[in-house]
Amino acid sequence: MAESEPLLSRARGSNGRDCPAGSLDCVQVGPGAEARRDLCFEQAVIFIEDAIQYRSINHRMDTRSMWLYRWYYSDTFQWILGFIIFLILFLAFIETPSSFTRTSDVRYRSKPWNPPCGLTESIEALCLLGFATDLSVKSYLVGWPQFRKSLWLVAYLVVLVVSFVDWMVSLSLVCQEPLRLRRLLRPFFLLQNSSMMKKMLKCIRWSLPEMASVVLLLALHLCVFTMLGMLLFTGEKQDDGQDRERLIYFRNLAESLTSLLVLLTTANNPDVMVPAYSKNRAFAIFFIVFTLIGSLFLMNLLTAIIYNQFRGYLLKSIQASLFRKRLGTRAAYEVLSWTAKGEGGPQGVGVRAQDLLHVLQKVQASSTHKQAVMEQVRARGDGLLSADEFQKLFSEFDKSLTKEHPPPPEYQSPFLRSAQFLFGHPYFDYLGNFFVLANLVSICVFLVHDAGILPQDRDDFVLGILNCVFILYYLAEMLLKVFALGLPGYLSYPSNVFDGLLTVILLVLEISTLAVYRFPHPGWKPEMRGLLSLWDMVRLVNMLIVFRFLRIIPSMKLMAVVASTILGLIRNMRAFGGILVVVYYVFAIVGINLFQGVIVAPGNNSLAPNGSAPCGSYEQLDYWANNFDDFAAALVTLWNVMVVNNWQVFLDAYQRYSGPWSKIYFVLWWLVSSVIWINLFLALILENFLHKWDRRGDLQSLSGDEITTVDLLFREVLEEPTEEELMAKLRHHPHLQLCR
């Protein structure tokens, strides 16, 4: 069917004008009616899938394009695309400088294996061709006018062109080029493939002006106290404490700014205060006032501003996602309601139940949710579904439905029924938790008792007997639960699957231990073979039993609030985690280009000969493994700086080894990671927790009927789009025409 045909029309006359309401002459009949009906069903399937996935419906809707569209969003193609993204990002570990060494310590690191020229470049070329295919399909589906309006697609094209040009430059220089620009662009492929990451990035960009105001206030705070410090700790008459303070922390403007910036993160507190404070206690006032204003007031004010702005702008993004969802379902309703009227079914405007059931069978979605919607449709009978009823049906796709467990077996014997009731009772779980606690306590007691005894001098007779007893109980508990619930019912509980798996592992290891070392007896000392003996493996697996206590969390309301907050964070962390991966990747590549090879092993042209390093320095603390000589080492170094514990050591070391301008790199990393990203993470935690806490009296918030999509956080403040807004948007669809 041609693109210009009115696929969303209820009816249209032969002259192409809008049909008058109720005109029977406008009903499309004839040989092509069946084909048009099938096409409308396929369009409805696409629209419903777009709504479920919060995708835009502004794409081509002819038969060939819809087939390509569904193939593009199929699990297979998306898995291939995800693998390509992972592969091109993973190349950083393999490319020169390779991370394939046992250690990153410059003193002990062997010469790494570096791939020959053309190996990683060939893999990269295949990945870029895959991305070119991805861009081509996207561009075709949305059409050229929409492509020009999409900044992400235009940027996608630019990144691909630059990457291909840089790739050809690398091959022409036989992989000896000093800078690979395309490595910095690789995280873009991860960004553009995630709509939620795009929303988060937009929220961060919108929040930057408000964050900049507080950052400027922090900068002013630093400058004022830097000048005060330099004036305070210099002069003609100064004691030893003032002189030490000046020489160590306030020697010049750059050192003073650095010392107070580090103090802002409390990483060098109280070290920075000790030289002056040890001579005169009044000097403590300067540092305490600086910390109160900077760390406790301004930094927390920055957190509050980021939280407020993040919530406001994320609300706008989630509102737009809700609009796309409602628009998709409304478009499906328009298509199917046209079909219902055109086929001469029940009078009025609406969707026939059998048509919707036919469409739902083709929709790629969770079978559980789809079955729930289909059951509701069947319950409504053969009447027409209105637009509101149609929209409400698809709210089921937002819910995590409670899983129904298989019925337990039915026993005829009264004794077996009593035993089934006893071993299926929650108190039997409490007994199991008591044994787990006893097992855990026994292991901890013996670990503490044997901490000061050499392995060859230990007597593990008592602990060996206890382990046998506990493992026999776990085995009996598993078998009794299978008896009470039946094997399908037992396996339907994830906690039982975990417990059963642990029990089988413990049983296998215990049998292996007894086969090798015989039964426990006085003086029983299992030998150490390899990294861990079988006995140590059994004790480590026993420690996993502690996770069984997680099952008691739902029964304790306050713990349940905290636990549900953590689960909500895990579900919504992909976007935040993806942005963090992007930031880490870019800074690691920049760090490699700036600082690769600047850290030299002692005695090999190093600035710090053996034995001459001052206390607390990079060399004295043996921080040699923290460097930028390869990608993996760079990631670990950036992590250590983000934690800001002893990050002044890195500032000092790289200033000495590479120059004073290196501080700009580390301060920028601190701003991006510790200030912006960590505060955004705190904002997400606060929003999840406050939402759960406000609903802590509502059992539904902790039940299996909980809505699990990210817009749950703002569901109570989101505004439902009006019918006029939806219809106006549909009328401006670039590839469809709506005639009413």
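In which sense, left-handed or right-handed, does α1 pass α14? The crossing is right-handed. This report on a predicted model returns to that helix pair after an outline of the chain.

## Overall composition

The secondary structure of the protein chain consists of 27 helices and two strands. The chain has 740 residues, of which 45% are buried. Among the contacts with a sequence separation of 6 or more, 74% join residues that lie 24 or more positions apart.

Two C-alpha pairs illustrate such separations. Glu-725 and Leu-327 are 398 residues apart along the chain, yet their C-alpha atoms are separated by 9.2 Å. Glu-725 belongs to helix α27, residues 723–731, and is partly exposed because its relative accessibility is 43%, between the limits of 20% and 50%. The other pair, Leu-260 and Gly-229, has a sequence separation of 31 residues and a C-alpha to C-alpha distance of 9.2 Å.

## Helices α1 and α14

The axes of α1 and α14 are 9 Å apart, and the two helices pack at an angle of about 65°. On the α1 side the contact is made by Arg-37, Phe-41, Ala-44, Val-45 and Ile-48, which meet Asp-355, Leu-356, His-358 and Val-359 of α14. By class, the contact residues comprise six nonpolar, one polar and two charged.

## The loop after α1

The loop between α1 (33–52) and α2 (63–72) contains Arg-55, and Tyr-54 is found there as well. Tyr-54 has a positive phi of about 60° although it is not a glycine. With a relative accessible area of 17%, Tyr-54 is buried, since the limit for that class is under 20%.

Arg-55 also counts as buried, because its relative accessibility is 15%. Beyond its neighbours within four places in sequence, Arg-55 is in contact with Glu-49, Asp-50, Tyr-69, Tyr-73 and Arg-324. The contacts of this arginine thus include the acidic residues Glu-49 and Asp-50.

## Helices α19 and α21

Helix α21 covers residues 494–517, 24 residues in total. At 1.5 Å a residue it should span 34 Å, and the distance of 34 Å between its end C-alpha atoms therefore agrees with expectation. Its buried residues are Asn-496, Asp-499, Gly-500, Leu-502, Thr-503, Leu-506, Leu-509, Glu-510, Thr-513, Leu-514 and Tyr-517. Arg-518, which follows α21, has a positive phi near 65°.

Helix α19 (residues 461–485) approaches α21 with axes that come within 10 Å and cross at roughly 140°. The two helices are therefore oblique to each other, and the crossing is left-handed. From α19, the residues Gly-464, Asn-467, Cys-468, Ile-471, Tyr-474, Leu-475, Met-478, Lys-481 and Leu-485 meet Asn-496, Gly-500, Thr-503, Leu-506, Leu-507 and Glu-510 of α21. This set of contact residues divides into eight nonpolar, five polar and two charged.

## Helix α15

Helix α15 has 13 residues, 367–379. Its end C-alpha atoms are 18 Å apart, in agreement with the 18 Å that follows from 1.5 Å a residue. The buried residues in α15 are His-369, Lys-370, Ala-372, Val-373, Met-374 and Val-377. Their cover includes α14 (353–360) and α16 (387–393). Just after α15, Gly-381 adopts a positive phi of about 85°.

## The surroundings of Leu-260

Leu-260 is situated in helix α11, residues 253–264. Its relative accessible area is 0%, so Leu-260 is buried. Leaving out residues up to four places away in sequence, Leu-260 touches Leu-222, Phe-225, Thr-226, Phe-250, Phe-286 and Phe-290.

## Backbone features in loops

Two cis peptide bonds precede prolines. One runs from Thr-96 to Pro-97, with omega near 0°, and Pro-97 lies in the loop between α3 (75–94) and α4 (119–142). Another joins Asn-269 and Pro-270, with omega about 5°; Pro-270 is placed in the loop between α11 and α12 (274–277).

Asn-646, which is not a glycine, has a positive phi of about 65°. This asparagine is located in the loop between α24 (631–642) and α25 (647–658). Asn-646 counts as partly exposed because its relative accessibility is 22%.

Methods:
Residues are numbered from 1 along each chain as its sequence is written. This is a predicted model: local features need pLDDT of at least 70, side-chain atom pairs count only at pLDDT 80 or more; totals for chains, interfaces and linings use all residues. Side-chain values use heavy atoms; hydrogens and water are left out. Helices (H or I, at least four residues) and strands (E, at least two) are DSSP runs, numbered from the N terminus. The expected span of a helix is 1.5 Å times one less than its number of residues. Buried means under 20% relative accessible area, exposed over 50%, partly exposed in between (1.4 Å probe, protein chains only). Axes are lines fitted to C-alpha atoms, for helices over the stretch in contact, and angles run from 0 to 180 degrees between N-to-C directions. Angles under 35 degrees count as roughly parallel, over 145 as roughly antiparallel, 65 to 115 as roughly perpendicular and the rest as oblique. A crossing is left-handed if the near helix is turned anticlockwise from the far one by less than a right angle, and right-handed if clockwise. Contact means heavy atoms within 4.5 Å. Ala, Val, Leu, Ile, Met, Phe, Trp, Tyr, Cys and Pro count as nonpolar, Asp, Glu, Lys and Arg as charged, and the others, Gly among them, as polar.
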